[in-house]
Amino acid sequence: MPDAGRRLRKPHPESRPGRVVASYGRRVLIEDEQRKRLNCQLKGRRLKAVCGDQVEWYPDSHNGVVTAIAARRNELRRPDSRGRVEILAANISQLVVVIAPTPPVDEFLADRYLAAARLMGADILVVCNKSDLGNIDLADEYRTVGYPVVSVSARTSESMASLATALTGHTSVLVGQSGVGKSSLSNALIPGLTVATQKLSTATGEGKHTTSTAILHHLPDGGEIIDSPGVRDFAPPPTELKRVDFGFPEFDQPVRECRFNDCLHLKEPQCGVRAAVDRGEISARRYRSYRELLHLMRKLKETPGG
Ligand SMILES: Nc1nc2c(ncn2[C@@H]2O[C@H](COP(=O)(O)OP(=O)(O)OP(=O)(O)O)[C@@H](O)[C@H]2O)c(=O)[nH]1
Ligand SMILES: [Mg+2]
Ligand SMILES: [Zn+2]
């Protein structure tokens, strides 16, 4: 973690703790201990803060100056198009993958978020939003895998109370495709919150991105949610090839039946995972998803800076 725990010189005499609730490059929105929000500059070129960071800051004539970032418990990271890693948020306890009947589910994208969550050690929740528009086949597949799945509607408020319960006490990041309703869920969960959501007129269904940066909100019963911008593509950060299977919890048991410890479950003889696929215990689609992710991780390893 390049910037974590870095402190510049001696602490400023008026230095105090704060929390980054949104980051805009060299500028960040922080929250003080009374939950008052104010703009800060980052002191020094090397300091990089992301949503969820614990920081030290001091007030100046305008707003404030952030001088240090505390070591992060974890980071939600993704490789950008050039294979460099971008940090989306830090100090997360739960990753909430939001899917919906519209826009059509990108199943591999959802799988990759779920794999990333397990690899980074965060709890997982799958939220099927827009239940008023119908069910999603992928939800049943995820239930079979063992992921916790809640089906809700931000519009009609159906099952929003059980979603609120699942979020209480966590720092959760809402992730998923643009237009699935992440900001609408935030608004429905927090009375008085009015985050901009997509206009209904986006006729293409592609969904233009309405939320442009991750923002942290407090939940009424304790805990926080980070509303993040929708993405078309996501992958976990570069991971040891042998560790990729850990991203797929239903592989845990079958992996023990593999003859070779370093089995990647491709063409190796006596592979427990492939045997489980043949018996229908692992879905062929999830196995394909695993192979695609493995392939991608191999490519990232070959990319300089990846
Ligand atoms: N029918 C229905 N529509 C919903 C529901 N929740 C959200 N929507 C609509 O879905 C569209 C997208 O909602 P947003 O909350 O902006 O989606 P988002 O995931 O935040 O999108 P980005 O910020 O672009 O990533 C809006 O037109 C919402 O009104 C729901 O439960 N049911
Ligand atoms: Mg949004
Ligand atoms: Zn194997």
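**Ligand shell and helix crossing in a predicted model**

Student: Which residues are closest to ligand 1, and how many surround ligand 1?

Tutor: This is a predicted model, in which local features need pLDDT of at least 70, side-chain atom pairs count only at pLDDT 80 or more, and totals for chains, interfaces and linings use all residues. Residues are numbered from 1 along each chain as its sequence is written, while chains are lettered from A and ligands numbered from 1 in the order in which they are written. A residue is near a molecule if its C-beta atom, placed from the backbone, lies within 6 Å of it. The closest to ligand 1 are G181, S183, T197, T211 and G230, and the residues that surround it number 23.

Student: How many residues of the shell around ligand 1 are polar?

Tutor: Ala, Val, Leu, Ile, Met, Phe, Trp, Tyr, Cys and Pro count as nonpolar, Asp, Glu, Lys and Arg as charged, and the others, Gly among them, as polar. The shell holds five nonpolar and four charged residues, and the polar ones number 14.

Student: At what angle do the axes of helix α1 and helix α7 cross?

Tutor: Helices are DSSP runs (H or I, at least four residues), numbered from the N terminus. Axes are lines fitted to C-alpha atoms over the stretch in contact, with angles from 0 to 180 degrees between N-to-C directions. The axes of α1 (residues 107-120) and α7 (residues 284-302) come within 10 Å and cross at roughly 70 degrees.

Student: Which residue follows T102 in a cis peptide bond?

Tutor: Most peptide bonds are trans. This bond is cis, with omega near -5 degrees, and runs from T102 to P103.

Terms used
Helix = DSSP H or I, 4+ residues; strand = E, 2+ residues; numbered from the N terminus.
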